[in-house]
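This report describes the fold of one protein chain and then turns to some of its charged side chains. Please keep the sequence and the structure in view while reading.

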Amino acid sequence: MPESYKARIRAALPDDEEELSHLDRVTWSPMHAVVPEPRPPYPPFFTERHAPEDHLVAELDRRIVGYVRLGFPTPLACNAHVRQIQGLAVADEARGLGVGRALIRAAVDESRRRSARRITLRVLGHNTPARKLYESEGFVVEGVLPGEFLLDGQYVDDVFMGRSL
């Protein structure tokens, strides 16, 4: 990626709410979403479950062009050493510039910083580009729930991936 296109990754701020909410809506796709397409009135992007500090954002030319959401896979104390990528979005105009890869790497680094020992994610079986990207960053398939979701009339696998930190 040319240096002029290098995304700046930073922690999300409460003031990013509107821009992130818009990005989330315009990047919605049945390729990766299991929830219906967003319709007004739109819910808040930041919630009690997913606060600004749970997000890293990618900026190009001072515009947010991507985000990754990190959370805990369960609320159990015995599982607190694991972080989970619970959302990743990249604006269409920023695809192919390494933004998704930069966000994944930042999520791995942030998880290590927060003393996690593992990082996991779930991805739809038909989302081959995302699966290849995750695999190239060290994630491996750890389980598959066959036909877990019915999306657009098709049964789609839920693929669980993870890696050690």
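## Overall fold

The secondary structure of the protein chain amounts to three helices and seven strands. Here helices (H or I, at least four residues) and strands (E, at least two) are DSSP runs, numbered from the N terminus. Along the sequence these elements follow the pattern β-α-β-β-β-α-β-α-β-β.

The model is predicted: local features need pLDDT of at least 70, and side-chain atom pairs count only at pLDDT 80 or more, whereas totals for chains, interfaces and linings use all residues. Residues are numbered from 1 along each chain as its sequence is written, and side-chain values use heavy atoms, with hydrogens and water left out.

The C-alpha trace of the protein chain spans about 40 × 40 × 35 Å along its principal axes. For 165 residues a compact globule would have a radius of gyration near 15 Å, and the 16 Å of the protein chain agrees with this. The radius is taken over C-alpha atoms, and the globule rule is 2.2 Å times the number of residues to the power 0.38.

Of the 165 residues, 41% count as buried. Buried means under 20% relative accessible area, exposed over 50%, and partly exposed in between (1.4 Å probe, protein chains only).

## The sheet and its helices

How are the seven strands ordered in the open sheet? The order is 1-2-3-4-5-7-6, and the pairing is mixed. Strand 1 (8-11) and strand 6 (140-151) are the edge strands, each of which pairs on one side only. Two strands pair if DSSP finds at least two bridges between them. From one strand to the next, the twist averages 25 degrees.

Strand 1 and strand 2 (residues 55-60) run antiparallel and are joined by four bridges. In this pairing, R10 stands opposite V57 in strand 2.

Helix 1 (residues 17-26) lies across strand 2, strand 3 (63-71) and strand 4 (82-90), and runs at about 85 degrees to strand 3. Helix 3 (residues 128-136) also packs on the sheet, where it touches strand 4, strand 5 (118-124), strand 6 and strand 7 (154-164). The direction of helix 3 makes about 165 degrees with that of strand 5. Axes are lines fitted to C-alpha atoms, for helices over the stretch in contact, and angles run from 0 to 180 degrees between N-to-C directions. Contact means heavy atoms within 4.5 Å.

Contacts can also be sorted by separation in sequence. Among those between residues at least 6 apart, 63% join residues at least 24 apart.

## Salt bridges

A salt bridge is a side-chain nitrogen of Lys or Arg within 4 Å of a carboxyl oxygen of Asp or Glu. By this rule the count comes to 13 salt bridges. The table gives three of them, including the N to O distance.

| Pair | N to O distance |
|---|---|
| R8 and E59 | 2.9 Å |
| R95 and D92 | 3.2 Å |
| E142 and R118 | 2.9 Å |

R8 lies in strand 1 and E59 in strand 2, so this pair ties together parts that are 51 residues apart in sequence. R8 is partly exposed at 48% relative accessibility, whereas E59 is buried, with a relative accessible area of 12%. R8 and E59 also belong to a network of salt bridges that links them with R10 and D16.

Is D92 buried or exposed? At 56% relative accessibility, D92 counts as exposed, while its partner R95 is partly exposed at 47%.

E142 is partly exposed at 38% relative accessibility, and R118 is partly exposed at 24%.
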